[in-house]
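Hello,

Here is the structure I promised to send over. Please open it alongside this email, and I will walk you through what turned up.

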Amino acid sequence: MPQGNLRYRRGEIWWVNLDPTVGNETAKRRPCLILQNDVGNARSDTTMVAPLLKGSKAYPFVVNVKMTTENGLDENRGIHLEQMRVVDNQRIDRKLGTIAIRFG
């Protein structure tokens, strides 16, 4: 990504190719929430994401999200924060939607 060219923003959900993986990392092409701030997203070739896995979970590290037209999800999912990681922007494919989140 050229310096200063903002393609994705914090709070958006994008399809991300998480393969290849090692050990117990979340694999496959999955919807992921962009966590990194927009200054970092505009100036870096990487960003921090958290995968959204199918179904709702009652774990302290999962934030459950109901599907809406705004977020573009195909079913209810959980943001698995224990699986957040930094990915190269080449792994980021297509925008699904936006989620309302508040940081700090």
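Which backbone oxygen does the side chain of Asn-71 reach? That oxygen belongs to Lys-66, and the distance is 3.0 Å. Before I go on, please keep in mind that this is a predicted model.

Asn-71 makes a good starting point for a look around. You will find Asn-71 in the loop between S4 and S5. With a relative accessible area of 3%, Asn-71 is buried. If you set aside the neighbours within four places in sequence, the residues in contact with Asn-71 are Ile-13, Val-65, Lys-66, Leu-96, Gly-97 and Thr-98.

Now to the charged pairs. How many salt bridges does the structure hold? There are 6, and I will describe some of them here.

Arg-9 pairs with Asp-38, and their closest N and O atoms are 3.4 Å apart. Arg-9 lies in the segment before strand S1 (12-17) while Asp-38 belongs to helix H1 (residues 38-43), so this salt bridge ties together parts that are 29 residues apart in sequence. Both ends can be seen in part from outside: Arg-9 is partly exposed at 43% relative accessibility, and Asp-38 is partly exposed at 27%.

Lys-54 forms a salt bridge with Glu-75, where the closest N and O atoms are 4.0 Å apart. This pair also links distant parts of the chain, with Lys-54 in strand S3 and Glu-75 in the loop between strand S4 (62-65) and strand S5 (77-80), 21 residues apart. Lys-54 counts as exposed, at 52% relative accessibility, whereas Glu-75 has a relative accessible area of 27% and is partly exposed.

A further salt bridge joins the side chains of Arg-77 and Asp-74, at 3.1 Å from N to O. Is each partner buried or exposed? Arg-77 is buried, with 4% relative accessibility, but Asp-74 is exposed, with 51%.

Next, the aromatic rings. The count comes to 2 aromatic pairs. In one of them, the rings of Tyr-8 and Trp-14 have centres 6.1 Å apart and planes at 75°, so the pair is edge-to-face. Tyr-8 is buried, at 0% relative accessible area, and Trp-14 is buried too, at 7%. The rings of Tyr-59 and Phe-61 also pair: their centres are 5.3 Å apart and their planes are at 15°, so this pair is stacked. Tyr-59 is partly exposed, at 45% relative accessibility, and Phe-61 is partly exposed as well, at 33%.

Those last two residues come back on the surface. Which residues form a nonpolar patch there? The members are Met-48, Tyr-59, Phe-61, Val-63, Leu-81, Met-84 and Val-86, and together they have about 580 Å² of accessible area. Met-48 sits in strand S3 (residues 46-54) and is partly exposed at 31% relative accessibility. That is a value you may like to note, because a residue needs over 30% relative accessible area to be taken into a patch. Strand S3 has now come up in connection with two residues, with Met-48 in the patch and Lys-54 in the link to Glu-75.

Two points about the backbone are worth a look, both in the loop between S1 and S2. As background, most residues other than glycine have a negative phi, and most peptide bonds are trans. Here, the peptide bond from Asp-19 to Pro-20 is cis, with omega near 0°. Pro-20 is placed in the loop between S1 and strand S2 (29-34). Lys-28 is not a glycine, yet has a positive phi of about 75°. Lys-28 is partly exposed, with a relative accessible area of 48%.

Finally, a word on the far end of the chain. Ala-100 is in the segment after strand S7 (92-98) and counts as exposed, at 75% relative accessibility. How far is Ala-100 from Asp-19 in space, C-alpha to C-alpha? The distance is 27 Å, and the two residues are 81 residues apart in sequence.

Happy browsing, and best wishes

Methods
Residues are numbered from 1 along each chain as its sequence is written. This is a predicted model: local features need pLDDT of at least 70, side-chain atom pairs count only at pLDDT 80 or more; totals for chains, interfaces and linings use all residues. Side-chain values use heavy atoms; hydrogens and water are left out. Patches are made of residues with over 30% relative accessible area and no salt bridge: like charges are joined within 9 Å, nonpolar side chains (Val, Leu, Ile, Met, Phe, Trp, Tyr) within 5 Å. Accessible areas come from the Shrake-Rupley method with a 1.4 Å probe; for residues, only the protein chains shown count as cover. Helices (H or I, at least four residues) and strands (E, at least two) are DSSP runs, numbered from the N terminus. Buried means under 20% relative accessible area, exposed over 50%, partly exposed in between (1.4 Å probe, protein chains only). A polar contact is a pair of N or O atoms within 3.5 Å; within protein, one must be able to donate a hydrogen and the other to accept it, and residues adjacent in sequence count only if both atoms are side-chain atoms. Contact means heavy atoms within 4.5 Å. Rings of Phe, Tyr and Trp (its six-membered ring) pair if their centres lie within 6.5 Å; planes under 30 degrees apart count as stacked, over 60 as edge-to-face and the rest as tilted.
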